[in-house]
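Here are a few friendly notes to read alongside the model. Please keep the viewer open as you go through them.

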Amino acid sequence: MSRRISVAMIIGTLLALCFIGIALYLLFFPGTIPAASRDDLRLYALLTGAYGIWRLVRVWLAWKDAEENV
(Lines give C-alpha, C1' and ligand atoms only; values in the text may rest on other atoms or scores of the structure.)
Protein backbone atom coordinates (compact mmCIF):
# COMPACT_ATOMS: atom_id res chain seq x y z
CA MET A 1 0.00 0.00 0.00
CA SER A 2 1.49 3.31 -1.06
CA ARG A 3 1.04 6.32 1.17
CA ARG A 4 1.27 9.92 0.11
CA ILE A 5 3.56 12.07 2.16
CA SER A 6 1.99 15.45 2.74
CA VAL A 7 3.68 18.71 1.89
CA ALA A 8 3.39 19.77 5.54
CA MET A 9 5.44 16.78 6.65
CA ILE A 10 8.13 17.47 4.06
CA ILE A 11 8.32 21.15 5.01
CA GLY A 12 8.31 20.28 8.72
CA THR A 13 11.17 17.84 8.23
CA LEU A 14 13.19 20.32 6.18
CA LEU A 15 12.58 23.04 8.75
CA ALA A 16 13.69 20.75 11.58
CA LEU A 17 16.83 19.75 9.70
CA CYS A 18 17.63 23.41 8.98
CA PHE A 19 17.38 24.30 12.66
CA ILE A 20 19.53 21.31 13.62
CA GLY A 21 22.05 22.25 10.91
CA ILE A 22 22.31 25.84 12.14
CA ALA A 23 22.81 24.60 15.69
CA LEU A 24 25.51 22.13 14.67
CA TYR A 25 27.31 24.79 12.66
CA LEU A 26 27.34 27.20 15.58
CA LEU A 27 28.49 24.49 18.00
CA PHE A 28 31.21 22.89 15.89
CA PHE A 29 32.70 26.00 14.27
CA PRO A 30 33.08 28.47 17.14
CA GLY A 31 36.16 30.02 15.53
CA THR A 32 33.96 31.85 13.03
CA ILE A 33 32.06 33.59 15.83
CA PRO A 34 33.43 36.76 17.48
CA ALA A 35 34.70 36.06 21.00
CA ALA A 36 32.42 38.69 22.57
CA SER A 37 29.24 36.88 21.55
CA ARG A 38 30.49 33.27 21.62
CA ASP A 39 28.69 32.32 24.87
CA ASP A 40 25.41 33.89 23.74
CA LEU A 41 25.54 32.15 20.37
CA ARG A 42 26.37 28.84 22.05
CA LEU A 43 23.20 29.15 24.12
CA TYR A 44 21.29 30.15 20.97
CA ALA A 45 22.69 27.08 19.19
CA LEU A 46 21.55 24.78 21.98
CA LEU A 47 18.06 26.28 21.97
CA THR A 48 17.88 26.14 18.18
CA GLY A 49 18.98 22.51 18.16
CA ALA A 50 16.41 21.62 20.81
CA TYR A 51 13.69 23.27 18.74
CA GLY A 52 14.83 21.36 15.64
CA ILE A 53 14.69 18.06 17.51
CA TRP A 54 11.25 18.95 18.89
CA ARG A 55 10.01 19.73 15.35
CA LEU A 56 11.41 16.43 14.09
CA VAL A 57 9.62 14.52 16.86
CA ARG A 58 6.36 16.33 16.08
CA VAL A 59 6.62 15.46 12.39
CA TRP A 60 7.34 11.84 13.29
CA LEU A 61 4.35 11.70 15.66
CA ALA A 62 2.10 13.25 13.00
CA TRP A 63 3.35 10.71 10.47
CA LYS A 64 2.64 7.83 12.88
CA ASP A 65 -0.81 9.23 13.62
CA ALA A 66 -1.58 9.51 9.90
CA GLU A 67 -0.34 5.96 9.41
CA GLU A 68 -2.73 4.65 12.07
CA ASN A 69 -5.69 6.49 10.54
CA VAL A 70 -5.25 4.89 7.10
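1. A quick definition before we start: helices here are DSSP runs of H or I with at least four residues, numbered from the N terminus. Please also bear in mind that this is a predicted model.

2. Have a look at the surface around helix H1, which covers residues 7-28. A nonpolar patch is formed there by Leu24, Tyr25, Leu27, Phe28, Phe29 and Leu46, and together they have about 600 Å² of accessible area. Helix H1 supplies the largest share of this patch, with 4 residues.

3. Tyr25 is a good residue to click on, as it belongs to both helix H1 and the nonpolar patch. Is Tyr25 buried, exposed or partly exposed? Its relative accessible area is 42%, so Tyr25 counts as partly exposed, the class between under 20% for buried and over 50% for exposed.

4. Helix H2 runs over residues 38-68, which makes 31 residues. From first C-alpha to last, H2 reaches 45 Å, close to the 45 Å expected at 1.5 Å a residue.

5. Which residues of H2 are buried? They are Ala45, Thr48, Gly49, Gly52 and Val59. Helix H1 is included in what covers them.

6. Thr48 sits in helix H2 and makes a nice close-up. With a relative accessible area of 5%, Thr48 is buried, because the cut-off for that class is under 20%. Setting aside neighbours within four places in sequence, Thr48 is in contact with Phe19, Ile22 and Ala23.

How values were computed. Residues numbered from 1 in each chain as written. Predicted model: local features only at pLDDT ≥ 70, side-chain atom pairs only at ≥ 80, totals over all residues. Heavy atoms only, no water. Patch = residues over 30% accessible without salt bridge, like charges linked within 9 Å, V, L, I, M, F, W, Y side chains within 5 Å. Areas by Shrake-Rupley, 256 points an atom, 1.4 Å probe, with all protein chains shown as cover. Salt bridge = Lys/Arg side-chain N within 4 Å of Asp/Glu carboxyl O. Helix = DSSP H or I, 4+ residues; strand = E, 2+ residues; numbered from the N terminus. Buried < 20%, exposed > 50% of the residue type's maximum accessible area, 1.4 Å probe, protein only. Expected span 1.5 Å × (residues − 1). Contact = heavy atoms within 4.5 Å.
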